[in-house]
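Got the model open in your viewer? Here's a short walk through it, one selection at a time.

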Amino acid sequence: MGLKILFLVFHGFSAHNGISKKIFGQVKGLQDCGADVRLCHYEVLDNGHRVWKVNEKLLADFGSGHWAKLKKRVDFSALISYVQKEGINLVYIRSYHNASPFLNDAVQQFRQSGAQVVMEIPTYPYDQEYIRLLDKIVQWPDRIFRRSLAERLDAVITFAQDEQIFGQKTIRISNGVDFDSLPVRVPTARVAHEIHLLGVAEIHYWHGFDRVIKGLGDYYKKHPQTKYFFTWWATSVARWSKMRYSTPLAQVMSRIMCLCMEPCGVKSWTTCLTWQILPSAV
């Protein structure tokens, strides 16, 4: 019998979401290695009920309302019982920046049941991602308890090169990619001296679009005969407008000519923006 793994995620999934695809890829990779993987996630149902599911089967229902929202943060008894009952060998937690005394205790009980526990921190460091005051306040418990959480783990999984995170040893890996789900590219006719890039994201500043554009501008200096176009889908014009005038994006975007800004016709909330990269964009 293969290793029994509980892959624990503190949010729901979307078929077209990049994070969801990474998680599904990791799960498939573990399964391909012979592991018995149970994907456990938290979800808010259409009726407002907040639930834990394992392989899409209901594990716990907290109900709806404020009390249910609180229980999601403090009540891990259903997960603890599942780990003990099913004889889980490894609990793989995907960090949601939600360290707390309650989660720390759950991890301790996971280990007391005989399971090893590791936690993946997809982005490290991550404090800089919390910009608004409200976000910083919500994240404050994690800052207080994450080091004590790390002490209870067997290891921290990271994509960075750090040998230790929060005082715990790390296991360094790469993103999980399911190659079977990626169709082979079919070559198409290419327009001479033109390069077109397509980006799909919510356009947060840490996504690095400014670095892509600056790099294209540097390349343009050496290859002025080539035209470069960078097109992306933004989730909202309001968010784009806010990001355009914030640091560091504004330092580059303020010097780029906008060719078009109109609906792509994909979804009502999606806006298509196409920019031509000019040599002044550096």
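**Stop 1: two helices side by side**

α3 and α4 are roughly parallel to each other (angles under 35 degrees count as roughly parallel, over 145 as roughly antiparallel, 65 to 115 as roughly perpendicular and the rest as oblique). Before you go further: this is a predicted model, where local features need pLDDT of at least 70, side-chain atom pairs count only at pLDDT 80 or more, and totals for chains, interfaces and linings use all residues. Residues are numbered from 1 along each chain as its sequence is written, and side-chain values use heavy atoms, with hydrogens and water left out.

Select residues 77-86 for helix α3 and 101-112 for helix α4: they pack at an angle of about 10 degrees, with axes 9 Å apart. Axes here are lines fitted to C-alpha atoms, for helices over the stretch in contact, and angles run from 0 to 180 degrees between N-to-C directions. Helices (H or I, at least four residues) and strands (E, at least two) are DSSP runs, numbered from the N terminus.

Now show side chains. From α3, Leu-79, Ile-80, Val-83 and Gln-84 meet Ala-106, Gln-109 and Phe-110 of α4; contact means heavy atoms within 4.5 Å. By class, this contact has five nonpolar residues, two polar and no charged. Ala, Val, Leu, Ile, Met, Phe, Trp, Tyr, Cys and Pro count as nonpolar, Asp, Glu, Lys and Arg as charged, and the others, Gly among them, as polar.

**Stop 2: on to α5**

Keep α4 and add helix α5, residues 133-152: the two axes come within 9 Å and cross at roughly 5 degrees. That makes this pair roughly parallel too: α4 with α5. Look for Pro-101, Leu-103, Asn-104, Val-107, Gln-108 and Arg-111 in α4, which meet Phe-145, Ser-148, Leu-149, Glu-151 and Arg-152 in α5. The mix in the contact of α4 with α5 is five nonpolar, three polar and three charged.

**Stop 3: backbone oddities**

Most residues other than glycine have a negative phi, and most peptide bonds are trans. Zoom in on Tyr-124 and Pro-125: the peptide bond between them is cis, with omega near -10 degrees. Pro-125 sits in the loop between β6 (116-121) and α5.

Next, pick the loop between β3 (50-54) and β4 (57-61), where you'll find Asn-55. Asn-55 isn't a glycine, yet its phi is positive, about 50 degrees. Glu-56, in the loop between β3 and β4, has a positive phi as well, near 70 degrees. Are these two buried or exposed? Asn-55 is partly exposed at 44% relative accessibility, while Glu-56, at 52%, counts as exposed. The cut-offs: buried means under 20% relative accessible area, exposed over 50%, partly exposed in between (1.4 Å probe, protein chains only).

**Stop 4: a buried threonine**

Select Thr-158, in strand β7 (residues 155-158). Thr-158 has 1% relative accessibility, so it counts as buried. Leaving aside neighbours within four places in sequence, Thr-158 is in contact with Ile-121, Ile-165, Thr-170, Ile-171, Arg-172 and Ile-173. Measure across to Thr-123 if you like: it's 35 residues away in sequence, and 7.6 Å away C-alpha to C-alpha.

**Last stop: the two faces of α6**

Select residues 209-222 and colour Phe-209, Asp-210, Ile-213, Leu-216, Gly-217 and Tyr-220, which are buried in α6. They cover an arc of only 125 degrees around the axis (taken from the directions from the helix axis to the C-beta atoms), so they're on the same side of α6. Turn to the face pointing away from that buried side for the exposed Arg-211, Lys-221 and Lys-222.
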